[in-house]
Structures are given as C-alpha cells and as structure tokens.
Amino acid sequence: MQLRAAKEPLRLVELPVPSPGRGEVLIRVSVCAVCRTDLHIVNGELTEPKLPLVIGHMIVGRVEAAGEGAQRFAAGDRIGVPWLGYVDETCRFCRRGLENLCVNARFTGYHLDGGYAEFCVADERFCFALPDGYDDLHAAPLLCAGLIGYRALRLAGDAERVGLYGFGDSAHIIAQVAHYQGRRVFAFTSPGDTKKQQFARSLGAEWAGDSTIAPPEPLDAALIFAPVGALVPAALKALDPGGIVVCAGIHMSDIPSFSYDLLWMERQIRSVANLTRRDGEALLEIAPKVPVRTEVHAYPLAEANTALDDLAHGRFDGAAVLLTICLDEQPSNADRRDRRWRLDPRRRGRGHHLLRRLRRLVAAEAGAQLTGAVQLGIHQPGRKRWSGHLDG
Ligand SMILES: [Zn+2]
Ligand SMILES: [Zn+2]
C-alpha cells in the first residue's frame, strides 16, 4: 500500500520485491500494526516523508534473505522491525546513548519503506527477535505502541500513581506493565467513553474516567498518548508537586497557555522522541513476564485505509493490525446486509464462510496459535462494513 502524496488515500500497487543491501535483511511480512504516527504521515502532519512511501513500522515477518555482511539472523527467523530504522552511531547524541535523537536517524515507514507490504528490507541491527508465546498478530503492537509507551513510562521514573491519557494501543499495553511493576494506574478517556473506561479497568487500572475530571487523588506522573494539546494543562492540574507530564506522541495540537501555578512546585513537562534499541529489548523482555496481553483488530492489508480511518475515529479497542492476505471472494448480498455479527457456528451462508476462511488465513499467515480475542474487519469499498470475532 503506497502513499503518493500527503492527504491522499494509500493505493494498492504492485512493487518489485526489494533486494537487501549491505547489512540488511529481506523480510516476508506477516503482519504490520497500525500506529497513530502512520495517520500523522498520511494526513501531512509529519512533513518529511520520502515519497512515494510504503508506511508501517510495527512489522512482524520472517527473514527471506540476507544482504552482504548481514549475519545476525538466519533465513526463516521471525523478527520484528520498529520505527528506528537507522542511526549513524557516531553523532553527539549517539555517543551519549541517545540514539533516539540521532541527527542522521532514519525511520521505518517514513524515510524508509515500511511494512504495509508483502516484503520489506531492514537494517538487521535495528530488528528484534520476538518473544515466544506471542503469535505474529499479538506481537506486532509491542513494536511501537509498546516500545514508545515503555519509554514514556521509564521517563516517568519511580512514579507510583500513573495517569494514562488516551487509552489506545500504547496505553492498553503500558497499563499492564505499570500494574505489573506495582504502580497504580489511572486511565483517562474521551468524555463519556465508558466502554474504553471499562476496557482500562479490565487491564489493571484502579480508576478510569473522563479526561475532563480530576482523578480521586493526585498523580505522580501523567503519560499523554492522545494528540491533544489541551490535555497538557489538564494533566498538570492532576499532578502532585514534583510530578511529571510525559507527552508520548510524535505530533500534538497546540498546547493552550496556562498559569505558571500549574508548573510551580517542580512539576515538569517533557516529550518522548522515538526509541532506543535498549528500550525495545527491555520491553520485549518484560512483556512475556507480565504477561502483556495485546488486543488486536485485524484487517487485510488491502484495507489499510479503513484501518487508518477506524483508528482516527476510535472505532476499536487496542491496536489495528494489517494481515498480508488477499481475499479472492466477494460477499453475497445477504451477507452485506449484516452490518455486524459474531462468528456463529450455526450460521450458514457466504459471510460465515468468508470469515471462516479469513480465520484460516489468519492462522496460517500469522503462524498462530491464536491467543486471546481477535476482531476481524472486512470492508468492501463503497459498501457496508462487516466484522466478526474469533476466539483463539
Ligand atoms: Zn509508531
Ligand atoms: Zn547519531
């Protein structure tokens, strides 16, 4: 799926299989999770993408071939590719262990073609081995939602009472990690989103409520995942003296001005930029211990535009993940009339057949053992949306 210009939908195109350069591996992509950053790139809020571009930076796949000098992985190894795609290892930031700030950094699915594709290449130094116990679908969201969230949590220091603003893909992972570390989690959602609040409580949040109201007690840290600048003063208001607001997104609307009183008493505001490989290794080590359960909503690769639109409008819990499968069947009229339904073994008909087929493809493509619940969305252009659920 290719982006030709900002503010245009991604287009399904045939591209040649890329060949791995020096130190790179060719990866057959199994799945790629969808990040809010992808949405910012498509919307033109991030202004320096390579064009045309294949977006996507939470890639899980298998090594197909290695370029010259690449020795870290063997053919067939399952690996993950994150946002950080290249650093020079020599600039003033790299030398201080801040490779996330590298002046020559290149990012997957932004400066480099990414994972909304059947194949991609990646510099082997920035790929991760993935923990067993996660099938491809459920591992993919760890690779950015998890990593950036983990870095944000790490920068909150030893904060005990942690507020999470915006309960999407990152927060649903980090709530579990924070809870595991013995911290107390407070989740903030859009006003009135009781479904997300319930979801947050099910993942270890001791309190969940609207972002417009004060938590039952002051927070030691507030991690903001929603791209909404107005949340910064709101989160500052919720902080105890000495507390910190960490803005975890790559883009945010303007922050409204606020009284110095909100910052006084050594409260801090900071951002999180990108990730280091150490962050990645740390999160991938802790995730199976928690164990972090990721909630995924799967789409065929060709439905990437629908996945992005659903993300923009908050239509699912957890993370959207694209599967590199192709559906060669069309639903019947009767199936199209059903807007939403559950996969029911008593049900006959073509829609059911299609979802069963999709389930088989998911299992085959994702190498699954499916664990946890997966939602499948199928969208026929210009037609009604269908979705189904399957339990692993
Ligand atoms: Zn991301
Ligand atoms: Zn550097």
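Let's start with a residue out on the surface of this predicted model: glutamate 266 is exposed, with 9 other C-beta atoms within 10 Å. Its spot is the loop between β12 (239–247) and β13 (268–271). Glutamate 266 isn't a glycine, yet its phi is positive, about 60°. Glutamate 89 tells a similar story: its phi is positive too, about 65°, and again this is not a glycine. You'll find glutamate 89 in the loop between β4 (84–86) and β5 (106–107). It counts as exposed because it has 11 C-beta neighbours inside 10 Å, and the cut-off for exposed is 12 or fewer.

Why point these out? Most residues other than glycine have a negative phi, and most peptide bonds are trans. On the peptide-bond side, here are two cis cases.

| Cis peptide bond | Omega |
|---|---|
| leucine 51 to proline 52 | about -10° |
| valine 290 to proline 291 | near -20° |

Proline 52 sits in the loop between α1 (36–42) and β2 (59–66), while proline 291 sits in the loop between α7 and β14 (296–300).

Stepping back to the whole protein, it has ten helices and 17 strands. Of its 392 residues, 48% are buried. Take the contacts between residues at least 6 apart in sequence: 69% of them join residues at least 24 apart.

Arginine 28 gives a nice example of a link across the sequence. It belongs to strand β1 (residues 24–33) and, with 15 C-beta neighbours inside 10 Å, counts as partly exposed. Glutamate 118 is 90 residues away from arginine 28 in sequence, but their C-alpha atoms are 6.0 Å apart in space. Leaving aside residues up to four places away in sequence, arginine 28 touches Gly61, Arg62, Glu64, Glu118 and Phe119.

Now for some helix packing. The axes of α3 (residues 145–155) and α4 (residues 169–180) come within 8 Å of each other and cross at roughly 55°. That angle makes α3 oblique to α4, and the crossing is right-handed. On the α3 side, the residues in contact include Ile148, Tyr150 and Leu153; on the α4 side, they include Ile173, Ile174 and Val177. By class, this contact has nine nonpolar, three polar and one charged residues.

Helix α3 turns up again with helix α7 (residues 277–286), where Asp279, Gly280, Leu283 and Leu284 are buried. These four cover an arc of only 125° around the axis, so they lie on the same side of α7. What do the buried residues of α7 pack against? Their partners are β7 (128–129) and α3.

Note on methods. Residues numbered from 1 in each chain as written. Chains lettered and ligands numbered in written order. Predicted model: local features only at pLDDT ≥ 70, side-chain atom pairs only at ≥ 80, totals over all residues. Axes fitted to C-alpha atoms, helices over the stretch in contact; angles between N-to-C directions. Helix = DSSP H or I, 4+ residues; strand = E, 2+ residues; numbered from the N terminus. Parallel < 35°, antiparallel > 145°, perpendicular 65-115°, else oblique. Left-handed = near helix turned anticlockwise from the far one by under 90°. Contact = placed C-beta atoms within 7 Å. Nonpolar A, V, L, I, M, F, W, Y, C, P; charged D, E, K, R; others polar. Buried ≥ 20, exposed ≤ 12 C-beta atoms within 10 Å, placed from the backbone. Arc of directions from axis to C-beta.
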